[in-house]
Amino acid sequence: MVELTPRTWPSLEELFGPNGAQSGCWCTWFLQTNAEMRANGSAGNKELLRSRVGSGVPVGLLAFDDDDDRPVGWVAVAPRLGYARLARTRVAAPVDDDLTDVWSVTCFFIHRTARRRGLGSVLLEHAVGYARERGARSVEGYPVDTAGAKKGSGDLYHGTLGMFTDAGFELVDRRGANRALVRLAT
């Protein structure tokens, strides 16, 4: 598990492939508006993420396969206040006024060859540790409650409610039929 930096950027490019993970998002959906996403397209989204990485702000972590050292997983974790969309979406509406030192786990991407092996939980554990080491007083997530139903990978990029609660996160609020806000004090 390593931090995404300019040095490790080529590994993220390898993991996300030419389509930038999910539909060219390059894990920038929480950083911008819908109009900005459309205007940027995949190439612009990639450059937006690359510039954030180059600026030195926390962005996330990459997981590598122990056998062949290839990138197999990604988790986006950063201070909540850096994610502009979180301030505007009902799913992530804050439950308190003080968001200082609150970090957010917003996205997971696991290569198809590494799925169904518990890598999401490992990524979450490391994301919490990463945030804690950088001064987070709490870490939030906005997972999907699958209620036992099988979902496709495109529906699970927020993580699952069970994965977060198994990691010690507390359910703060249900946000619709299948979404939640969870939080873990660090």
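**Exercise 1. An ion pair across the chain**

Arg70 is partly exposed, its relative accessible area being 45%. In this predicted model, determine which residue forms a salt bridge with Arg70.

*Solution.*
Step 1. Apply the distance cut-off: a side-chain nitrogen of Lys or Arg must lie within 4 Å of a carboxyl oxygen of Asp or Glu.
Step 2. The partner is Glu14, and the closest N and O atoms of Glu14 and Arg70 are 2.5 Å apart. The pair satisfies the rule because this separation is within 4 Å.
Step 3. Place the two residues in the fold. Glu14 belongs to helix α1 (residues 9-16), whereas Arg70 sits in the loop between β2 (60-64) and β3 (71-79). With their positions 56 residues apart, the pair links distant parts of the chain.
Step 4. Classify Glu14 by accessibility. Its relative accessible area is 39%, and Glu14 is therefore partly exposed, since this class runs between 20% and 50%.

**Exercise 2. Two further salt bridges**

For the salt bridge of Arg80 with Glu140 and that of Arg134 with Glu133, state the N to O distance and establish whether the residues are buried or exposed.

*Solution.*
Step 1. In the salt bridge between the side chains of Arg80 and Glu140, N and O are 2.6 Å apart.
Step 2. Arg80 lies in the loop between β3 and β4 (102-110), and Glu140 in strand β5 (residues 138-141). These positions are 60 residues apart, so this pair, too, links distant parts of the chain.
Step 3. Arg80 and Glu140 are both buried.
Step 4. For Arg134 and Glu133, the closest N and O atoms are 3.4 Å apart.
Step 5. Arg134 is partly exposed at 38% relative accessible area. Glu133 has a value of 64% and therefore counts as exposed, the cut-off being over 50%.
Step 6. Elsewhere, Glu13, Lys46, Glu47 and Arg50 are joined into one network by salt bridges that share partners. The count of salt bridges comes to 12.

**Exercise 3. The nonpolar cores**

Identify which residues of the largest nonpolar core touch the most other members, and state which element gives the most to this core.

*Solution.*
Step 1. The largest nonpolar core has 27 residues, and those touching the most other members are Leu4, Trp9, Leu12, Phe16, Trp74 and Tyr83.
Step 2. At least two residues of this core come from each of α1, α2 (34-55), β3 and β4.
Step 3. The element that gives the most is α1, with 4 residues.
Step 4. Consider Leu4 as an example. Leaving aside residues up to four places away in sequence, Leu4 touches Trp9, Leu12, Val53, Val59, Gly60, Leu61, Leu62 and Trp74.
Step 5. There is also a second, separate core of 26 residues, with Val72, Leu119, Val139 and Ala180 among its members.

**Exercise 4. The chain as a whole**

Describe the order of helices and strands along the sequence, then explain why the chain can be called as compact as a globular protein of its length.

*Solution.*
Step 1. The chain contains 4 helices and 7 strands, arranged along the sequence as β-α-α-β-β-β-α-β-α-β-β.
Step 2. The radius of gyration is 15 Å, close to the 16 Å given by the globule rule for 186 residues; the chain is therefore as compact as a globular protein of that length.
Step 3. The C-alpha trace spans about 35 × 35 × 30 Å along its principal axes.
Step 4. Of the 186 residues, 45% count as buried.
Step 5. Among contacts between residues at least 6 apart in sequence, 63% join residues at least 24 apart.
Step 6. The accessible surface comes to about 9,200 Å², and carbon and sulfur atoms account for 48% of this surface.

Terms used
Residues are numbered from 1 along each chain as its sequence is written. This is a predicted model: local features need pLDDT of at least 70, side-chain atom pairs count only at pLDDT 80 or more; totals for chains, interfaces and linings use all residues. Side-chain values use heavy atoms; hydrogens and water are left out. Buried means under 20% relative accessible area, exposed over 50%, partly exposed in between (1.4 Å probe, protein chains only). A nonpolar core is a set of buried Ala, Val, Leu, Ile, Met, Phe, Trp, Tyr and Cys residues joined through side-chain atoms within 4.5 Å. Contact means heavy atoms within 4.5 Å. The radius of gyration is taken over C-alpha atoms; the globule rule is 2.2 Å times the number of residues to the power 0.38. Accessible areas come from the Shrake-Rupley method with a 1.4 Å probe; for residues, only the protein chains shown count as cover.
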